[in-house]
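The following exercises are to be worked through with the sequence and the model in view. Each task is followed by a solution in steps.

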Amino acid sequence: MISVSTLTHSLGHRLILDDISVEIPKGKITALIGPNGAGKSTLLHLIARQNPVQTGVISLDGEDIAKTASTDMALRMAVVAQELGVASRLRVRDLVGFGRWPQHQGRPTEVDKAAVEKALEEFHLLDLSDRFLDEISGGQRQRAFVAMAYVQDTDWLLLDEPLNNLDIRYAKSLMAKLRNMAEEKNKSIVIVIHDLNYALANADYFIAVKEGKVAFAGETSDVATSESLSELYDAEVNIIESDGKCFAFHH
Amino acid sequence: MSDKRLWALFISLVLVVAVLFFWNLTTHIAFILELRAIKIGGLLVVGAAIGVSTVLFQTISNNRILTPSIMGFDSLYLLMQTCLIFFLSGLTYAHMPGNLLFLLNTLTMLIASVVLFTFVLKATRHDIQLMILVGVIFGLVFRSFSTFIQRLIDPSEFAVLQSVMFAQFGGINEKELLSALMLLVLVCCWVARKCQVLDVMLLGRRTAKSLGVDYDRLQFMVLCAISILVSVSTALVGPIIFLGLLVSALAHSLMKTHRHALLLPAAAMISALILLLGQALFENLLERQSTLTVVIEFVGGLFFLVLLSKGKIK
Ligand SMILES: Nc1ncnc2c1ncn2[C@@H]1O[C@H](COP(=O)(O)OP(=O)(O)O)[C@@H](O)[C@H]1O
Ligand SMILES: [Mg+2]
């Protein structure tokens, strides 16, 4: 379980996160939703220790992340950022291979290599594996980065808008894969997502952030209602149930 | 495959060195061999320092067009040296043992550049254009500040300085060469052990950190290594602005890999080859020693413009 307590974060004079306290359950898929600029990425970066915590405490399975060694964190948590700037000329296979760095620290074993090949296959990247990252499309790059986090094989996986740039086929297959990881391997996944239908269909837990505060958090069926979502986005959202599945209509 | 190319480079380097060393020996053999050893040794050390420092800098600044010299490292070295001469006054400076002098210069350079460039890299991390601008401005400021201080120095002290201000391959000092060689070997041993984690740094700060790499500390250490290497090459032959850029581009297009274990030795050897061949060509065939730097700067500078205009500043 990740627990965030009284987390406040400002950049310059602007308050980005305002006294956030929330718990993220283990072994489940948690959707982190909210309007643009709400502070979702900022929160995710703080949890992933990309930036230092200013005030408040974030703990991972009861341990303060600020006091955990970074090599240790890399074995427990993998992250895919929203912006994937890679300037240098790396190939897809090299990129995915770096995902095993926390385990092998520069000396890849057969196990590491096999894991990389398997991930390339599972994320449909085999054909692209020898291409340079700056010579493939945005969606393909996105998949390569997700594959890299996947081979890290950590208990926690944080993804910041991973569906960006993905076409329907890959978006579906990514969500199915995440579902599978949570159910079969008991992985805990946090995903920043704008597509409410994917979120409703796959997430067990919702955390909504608005203007740096937690708007609501809880089990999907409890909190994802037409009223709460409409208020969150300041736009009309209707949740309609059919065949036991929920759908969000907003136009 | 890549390893074969490294071997090819290595063999050509050995051949070139052997030819330059033993070529046209008639009289005063011992004397001439000693002179040649110093000169060739100097060029090898300078070449390796420039090649390695450029590739390292491009890794920590996450781009393929900036080099330490373009960012003003060389000018900073000259400024530090000018300041030292000014404050210690020329006489003591001229009478200090060569080694001590060189190490003192390197140490001031190390401190100044790490302080400055840690800040610059932090502030301009995401913006290469801004970084180029800062580098150009730094170079200008350092140079004009050096000139200003040089005005304040009296003529006899200035003579000490003049010999180190312009790139020249002729007068490499034997004592300096030894200390430079030692520093180079030390730095290269450290770098060799960091090759793999340097590869991870290519992913950028954020991703590298999420893989458990202590990016900021490593960047600091690499900056230290770069300043030492720049001190080494600038102390021996003076500033050569655009060689590093040529070398890294050649190394990249020859090795076609991101791996530092292959890129770094390739860059070091290519750089030494260019210097040795260029020097031999100009000294023996054209009999014009001083023009080599001019040609390197001209070709390298043109290449820099081509890269800029092709929009390859990513
Ligand atoms: N580098 C920055 N400097 C100042 N403000 C920033 C910076 N990055 C983001 N912000 C601001 O922080 C707020 C939260 O951003 P972010 O966490 O990226 O939102 P999102 O929920 O869309 O991911 C936004 O209002 C944004 O304008
Ligand atoms: Mg975001």
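**Exercise 1: A residue in the interior of chain B**

B:Val232 is buried, its relative accessible area being 0% (buried means under 20% relative accessible area, exposed over 50%, partly exposed in between, with a 1.4 Å probe and protein chains only). The model is a predicted one, in which local features need pLDDT of at least 70 and side-chain atom pairs count only at pLDDT 80 or more, while totals for chains, interfaces and linings use all residues. Residues are numbered from 1 along each chain as its sequence is written, chains are lettered from A and ligands numbered from 1 in the order in which they are written, and side-chain values use heavy atoms, with hydrogens and water left out.

Task: State which residues B:Val232 touches, not counting residues up to four places away in sequence.

Solution.
Step 1. Locate the residue: B:Val232 belongs to helix H11 of chain B, residues 215-237 (helices, H or I, of at least four residues and strands, E, of at least two are DSSP runs, numbered from the N terminus).
Step 2. List its contacts (heavy atoms within 4.5 Å): with residues up to four places away set aside, B:Val232 touches B:Val45, B:Ala49, B:Phe102, B:Ala180 and B:Leu183.
Step 3. Consider one of these partners, B:Phe102: it lies 130 residues from B:Val232 along the chain, yet their C-alpha atoms are separated by 8.6 Å.

**Exercise 2: A buried acidic residue**

Task: Determine which side chain of opposite charge is nearest to B:Asp74, and how far away it is.

Solution.
Step 1. B:Asp74 is placed in helix H3 of chain B, residues 73-88.
Step 2. Lys and Arg count as positive and Asp and Glu as negative, while His and the chain ends are not counted. The nearest side chain of opposite charge is that of B:Arg143, 8.6 Å away.
Step 3. B:Asp74 is therefore buried without a salt bridge (a side-chain nitrogen of Lys or Arg within 4 Å of a carboxyl oxygen of Asp or Glu).
Step 4. The surroundings of B:Asp74, again without residues up to four places away in sequence, include B:Pro68, B:Ser69, B:Val230 and B:Thr234. B:Pro239 and B:Ile240 are also touched by B:Asp74.

**Exercise 3: Salt bridges in chain A**

Task: Identify the salt-bridge partners of A:Glu63, A:Glu117 and A:Glu122.

Solution.
Step 1. Over all chains the rule gives 18 salt bridges. In one of them A:Glu63 pairs with A:Arg76, with the closest N and O atoms 3.3 Å apart. This pair joins strand S5 (residues 63-64) to helix H2 (residues 70-76) of chain A, the two residues being 13 residues apart. A:Glu63 is partly exposed at 35% relative accessibility.
Step 2. A:Glu117 pairs with A:Arg93 at 2.9 Å between the closest N and O atoms. Because A:Glu117 lies in helix H5 (residues 110-122) and A:Arg93 in helix H3 (residues 92-98) of chain A, the pair ties together parts 24 residues apart in sequence. A:Glu117 is partly exposed at 32% relative accessibility, and A:Arg93 is partly exposed at 27%.
Step 3. A:Glu122 pairs with A:Lys118, the closest N and O atoms being 3.2 Å apart. About one helical turn separates A:Glu122 from A:Lys118, because they are four residues apart in helix H5 of chain A. A:Glu122 is partly exposed at 25%, as is A:Lys118 at 45%.
Step 4. Shared partners join A:Glu63, A:Asp72 and A:Arg76 into one network of salt bridges.

**Exercise 4: The interface of chain B and chain A**

Task: Describe how many residues of each chain are in contact and how much area is buried.

Solution.
Step 1. Chain B contributes 19 residues, in contact with 27 residues of chain A.
Step 2. The buried area is about 1900 Å², with carbon and sulfur atoms giving 59% (the accessible area, 1.4 Å probe, that two parts lose on being put together, summed over both). Of the area that chain B buries against chain A, 33% comes from B:Leu203, B:Arg206 and B:Leu211, more than any other three residues supply.
Step 3. The rule finds zero salt bridges across this interface.
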